[in-house]
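Let's take a look at this protein together. Have the sequence and the 3D view open while you read.

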Amino acid sequence: MVNALEQYDPQIYELMRQEAARQSGSIRLIPSENYVSKAVMLASGSCLTNKYAEGYPGKRYYEGQQVTDLIERMARDRVKKIFKADHANVQPYSGSVANLAAYSALINPGDTIMGLSLVHGGHLTHGWKVSVTSKFYNSVPYPVDHETGRLDFDHIADLAKKHKPKVIVSGATAYPREIDFEKFGQIAKDIGAYHISDIAHIAGLVVAGIHKSPVPYADVVSTTSHKTLRGPRGGMLLCKAEHAEKIDKAVFPGLQGGPHMHTLTAIAVAMAEADTPEFVAYAKQVVKNAKALADKLLEYGFNLVSGGTDNHLILIDLRNKNIPGRKLAKALDRARIVTNYNTVPGDPAPPSNPSGLRIGTPAITTRGMREPEAEQVAAFINKVVENIDNETVIEELEKEVLLLCSQFPVPDHFIIPNKNH
Ligand SMILES: *Cc1c(COP(=O)(O)O)cnc(C)c1O
């Protein structure tokens, strides 16, 4: 299908070819990125993009839903099965919209929400100041402990008692440790707040049983479908039966119009893939690779927030290396190692040029890399740090990176032929 695009729109075809080559010819360490399977790709680029399906199965506002109803029911059932949830809504356009829907289902504008501060690893939509979630709601963020880099539940409980939020959000975007969702559930219960758990990053680890699920301890669980879960870009909400109607109404007609049926179809495919022993093995390897990478970085004298990792991501505190996060991320990108700069707890520098670098292993693990390659990646990062202003070394390293990439090919549908071939 992609090759036919060459005839219809050669300019876009060429750009897609370049992006596919970039994705296969670089080491992707951005912890929220992955490579989907061919089946997921086919479903998301399918005729389902042509169908409007406002409403829910059996209650649509347009006719012609004979097939879409079956697909959405199948997607919901598969999500409910793998997450062991009472109810699933698979329509949110993305994780951010899913979070907004969760808030608007449970609380009113002006009510107080309490989520992890963005500069300590929380997501924008957990009430960060530039997000509408802090304009629509009164946001009281909680921090992590600056010394340990970990959640301090006594402090969170004290803040909750003091500010009496209506919603406590658990979950993070840059937190390398397992999160105790049961404790969050208890803190929320003690003050009569709702507990919304956002597992956008770790959903794949939860499905594989590597991290404990928040489903028993949260009123609503929000997630993306595209990070460790390895599905198409999208969002989902899981909840207890008592909140099902409110959640569905908040998504449609509260926030959205028609669902993206091609995405729902691809979510259904990805959920079946996640429900396999192969996926469990994949998720286990993601964590093993992250630990191997972290251990090697520690050997090279890097400081890691919280001292290491329990999940798929690592947050490097670069202050002892005297290199700003952005400078290192740009130098690594020239060597075809793709990362993102990030704040670290207690960072004196601003989020636009912070002191940390965030890396993760979901994408390299999908390519089949294991502990030896994870250690090699750590060595590459160390080399760039030690030669940050030496372009000759960085150019040589680029060749080594390309060699490693060629030994661990991406799923074959990511290769788009050059039109001269
Ligand atoms: C990625 C992420 C989101 C938002 O997802 P988008 O699909 O980018 O809108 C929400 N919450 C957390 C914790 C995330 O990491």
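How many salt bridges does the structure hold? There are 18 of them, where a salt bridge is a side-chain nitrogen of Lys or Arg within 4 Å of a carboxyl oxygen of Asp or Glu. Side chains of opposite charge can pair when their charged atoms come close.

Before going on, a word on the ground rules. This is a predicted model, so local features need pLDDT of at least 70 and side-chain atom pairs count only at pLDDT 80 or more, while totals for chains, interfaces and linings use all residues. Residues are numbered from 1 along each chain as its sequence is written, and side-chain values use heavy atoms, with hydrogens and water left out.

One of the salt bridges joins arginine 60 and glutamate 72, at 2.8 Å from N to O. Arginine 60 sits in strand E3 (residues 59–60) and glutamate 72 in helix H4 (residues 66–83), twelve residues apart. Helices (H or I, at least four residues) and strands (E, at least two) are DSSP runs, numbered from the N terminus.

**Two domains**

The chain splits into domain 1 (41–274) and domain 2 (277–407), with bounds taken from an automatic or database domain assignment. Their C-alpha centres are 28 Å apart. Where they meet, 26 residues of domain 1 are in contact with 25 residues of domain 2, contact being heavy atoms within 4.5 Å.

About 2,100 Å² is buried between the two domains, and carbon and sulfur atoms give 62% of that. Buried area is the accessible area (1.4 Å probe) that two parts lose on being put together, summed over both. On the domain 1 side, Pro176, Arg177 and Arg230 lose the most area to domain 2, together 29% of what that side buries.

Arg177 turns up again in a salt bridge: its side chain meets that of aspartate 310 at 2.9 Å, N to O. The count between the two domains is one salt bridge, plus twelve residue pairs in polar contact, with both residues at pLDDT 80 or more. A polar contact is a pair of N or O atoms within 3.5 Å; within protein, one must be able to donate a hydrogen and the other to accept it, and residues adjacent in sequence count only if both atoms are side-chain atoms.

**Around the ligand**

Now for the ligand: 13 residues surround it, with Ser94, Ser96, Thr173, Asp198 and Lys227 the closest. A residue counts as near if one of its heavy atoms lies within 4 Å.

| Residue | Side-chain N or O atom to ligand oxygen |
|---|---|
| Serine 94 | 2.3 Å |
| Threonine 173 | 2.5 Å |
| Lysine 227 | 2.8 Å |
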